[in-house]
Amino acid sequence: MTMRDTDRALVQAASAVAKLRCRSAAHTLAAAARTVDGRIVSGVNVVHPTGGACAEVVVVGTAATQLAGDLETIVTVGDRGRSLVAPCDRCRRLLADHFPALRVIAGPLGAPQVYEITDSPTTPE
């Protein structure tokens, strides 16, 4: 799939959240999603020995509490300039169940790729 200008803006939004909020071992990934009406929702992961929560799950919960509607595209950015991280298998399944037409942006920061959620790569949990 082709990267759109709005996709690049979404990567920038997630990168800004990662830079501002991912400054400790408790928060290492930031995700941002665009809704079908163009709204941006973001969140960070929560690392904890009991399991924590992935950034994508936090975004889904945030979107639900803000009545943001269906998500159209999502991207997750690693802290300290790491690559655009694909959802783990558990998150990919959750996202596909809730948003079957979701687009995922993943890959190196300099050459991101866009995938359909059902075809996206996964990151180990």
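In the structure examined here, which is a predicted model, Val104 lies in strand β4. With a relative accessibility of 1%, Val104 counts as buried, because burial is assigned to residues under 20% relative accessible area. When residues up to four places away in sequence are left aside, the contacts of Val104 comprise Ile74, Pro87, Gln113, Val114, Tyr115, Ile117 and Ser120. For Val104 and Cys54, which are separated by 50 residues in sequence, the distance in space from C-alpha to C-alpha is 15 Å.

Strand β4, which spans residues 103-106, is joined to strand β3 by 3 bridges, and the two strands run parallel. Within this pairing, Thr73 is found opposite Arg103 of β4. The two strands also belong to a β-α-β unit, in which β3, helix α3 (residues 89-98) and β4 are combined with right-handed geometry.

Strand β3 itself, covering residues 71-78, is mostly covered, in that 8 of its 8 residues are buried. In addition to the parallel pairing with β4, strand β3 pairs with strand β1 (residues 29-35), here in the antiparallel sense and over 7 bridges. In this antiparallel arrangement, Ala33 takes the position opposite Ile74 of β3, and Ile74 is also among the residues that Val104 touches. Strand β3 is thus paired with β1 through 7 bridges and with β4 through 3 bridges.

Technical notes
Residues are numbered from 1 along each chain as its sequence is written. This is a predicted model: local features need pLDDT of at least 70, side-chain atom pairs count only at pLDDT 80 or more; totals for chains, interfaces and linings use all residues. Side-chain values use heavy atoms; hydrogens and water are left out. Buried means under 20% relative accessible area, exposed over 50%, partly exposed in between (1.4 Å probe, protein chains only). Helices (H or I, at least four residues) and strands (E, at least two) are DSSP runs, numbered from the N terminus. Two strands pair if DSSP finds at least two bridges between them. A crossover is right-handed if, with the strands pointing away from the viewer, the path from the first strand over the helix to the second runs clockwise. Contact means heavy atoms within 4.5 Å.
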